[in-house]
Amino acid sequence: MNLQDRVAIVTGAGGGLGKSHALLLASLGARVVVNDMNAASADQVAAEIIAQGGEAIGIGVSVTDEHAVARMVETVMARWGRIDILVNNAGVLRDKSFAKMDLADFRLVVDVHLMGAAICTKAVWDIMRDQRYGRIVMTTSSSGLYGNFGQANYGAAKMALVGLMQTLALEGEKYGIRVNCLAPTAATQMTQGVLSSQALVQLSPDLVSPGLFALVRDDAPTRAILCAGAGHFARANVTLTKGEYIGRGAEAADGVVAAWEEISDRADEVVPDYGFTQAERELASAGHDLPTMALEH
């Protein structure tokens, strides 16, 4: 019961991966808010948790509805007085090649995945800051990290969540808020028709959820991207190569092309601690220091 009395909200938890997450957190002692657009599904999962001796409530609201999410948070605070964990899991697919994709479907996917996560996170952010404790998980995807044909909307939203995680982890650090990403490969309603029947059996959601615990426990990391599927777990990183100083002038453009292999050499690549690492290295290479004002921002 490593999460005893922690209060967790899991979005999109009426089935699939979200349900698996909710059941796992409850089994570890957390009080779970099962959120889903489908209120009946949310209530059913909550009832399942209660039947197993856990504590849970189901709340049927869309993560894209800012006011409804605010009411959900108010309900949770009135009942349990704190929110320790937020798992932004809600999602939707509208797969097509970019040439055939309607921009309405692009906006819909970005709204649910990115804006839904931002809305839910904003709703709990001040609570976590005030209690000086919080664990937030964004659900990213290999489609965002590496690309996937027919998923320009989904991939864009999922990589955007990595950027959101990176910044919130930095801003939340002094308040005890740790923010991470989970990149799952799981058979859910969203993957029906995408993966083979044999792969779907191997990619059960309950083989992903154990990785969630590593990201929400008391001694969780922050700014981690955990890839999980079929019982296999790996870390992904956004890296920066050592690069080459080319300089300026008429020959610079040709110089970049000529030095492409050296620029791309990954032998001494790093995982930057923050975004300005790039500017620091660029200016240092040019013989300058990064201005203090930039470091402060």
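With the whole chain in view, begin with its overall dimensions: for 297 residues a compact globule would have a radius of gyration near 19 Å, and the protein has 21 Å, which agrees; this radius is taken over C-alpha atoms, and the globule rule is 2.2 Å times the number of residues to the power 0.38. What you are looking at is a predicted model, in which local features need pLDDT of at least 70 and side-chain atom pairs count only at pLDDT 80 or more, while totals for chains, interfaces and linings use all residues. Residues are numbered from 1 along each chain as its sequence is written, and side-chain values use heavy atoms, with hydrogens and water left out.

**The whole chain**

Show the C-alpha trace, which spans about 70 × 45 × 35 Å along the principal axes of the protein. Switching to a cartoon brings up twelve helices and eight strands, where helices (H or I, at least four residues) and strands (E, at least two) are DSSP runs numbered from the N terminus. Of the contacts between residues at least 6 apart in sequence, 67% join residues at least 24 apart, a contact being heavy atoms within 4.5 Å.

Now turn on the surface: the protein exposes about 15400 Å², and carbon and sulfur atoms supply 52% of that area, as computed by the Shrake-Rupley method with a 1.4 Å probe, where for residues only the protein chains shown count as cover. Of the 297 residues, 43% count as buried; buried means under 20% relative accessible area, exposed means over 50%, and partly exposed lies in between (1.4 Å probe, protein chains only).

**Asp5 and its partner**

Select Asp5, in the segment before β1 (7-10). Its backbone deserves a look, since Asp5 has a positive phi of about 70° although it is not a glycine, and with a relative accessible area of 39% Asp5 is partly exposed. Add Arg31 to the selection, and you will find the two side chains meeting in a salt bridge, at 3.6 Å from N to O; the term covers a side-chain nitrogen of Lys or Arg within 4 Å of a carboxyl oxygen of Asp or Glu. This pair links distant parts of the chain, 26 residues apart, with Arg31 placed in strand β2 (residues 31-35).

**Other salt bridges**

A search of the whole structure finds eight salt bridges. Select Arg6, Arg82, Asp84 and Asp218 together to see a network of such bridges linking them. Then move to Arg217 and Asp219, whose side chains meet at 2.7 Å, N to O, in a salt bridge; Arg217 is partly exposed at a relative accessible area of 24%, whereas Asp219 is exposed at 53%. Another stop is Glu269 with Arg266, a salt bridge in which the closest N and O atoms are 2.9 Å apart. Here Glu269 is partly exposed, its relative accessible area being 25%, while Arg266 is exposed at 55%.

**Two alanines**

Which alanine has a positive phi near 60°? Select Ala230, in the loop between β7 (225-229) and β8 (232-236), and check the backbone there, because Ala230 carries that positive value in a residue other than glycine and is partly exposed, with a relative accessible area of 40%.

Ala186 is found in the loop between β6 (177-185) and α7 (197-202), and at a relative accessible area of 9% Ala186 is buried. For a distance to draw in the viewer, take the C-alpha atoms of Ala186 and Ile263, which are 77 residues apart along the chain and separated by 36 Å.

**Aromatic rings and a nonpolar patch**

A pair of aromatic rings is described by the distance of the centres and the angle of the planes. Searching the whole structure gives one aromatic pair. Phe98 and Phe106 have ring centres 6.4 Å apart and planes at 75°, so the pair is edge-to-face; rings of Phe, Tyr and Trp (its six-membered ring) pair if their centres lie within 6.5 Å, with planes under 30 degrees apart counting as stacked, over 60 as edge-to-face and the rest as tilted. Phe98 is exposed, at a relative accessible area of 56%.

Finally, select Leu170, Tyr274 and Phe276, which form a nonpolar patch on the surface with about 240 Å² of accessible area together. Patches are made of residues with over 30% relative accessible area and no salt bridge, like charges being joined within 9 Å and nonpolar side chains (Val, Leu, Ile, Met, Phe, Trp, Tyr) within 5 Å. Phe276 lies in the loop between α10 (260-264) and α11 (277-285), and its 32% relative accessibility counts as partly exposed.
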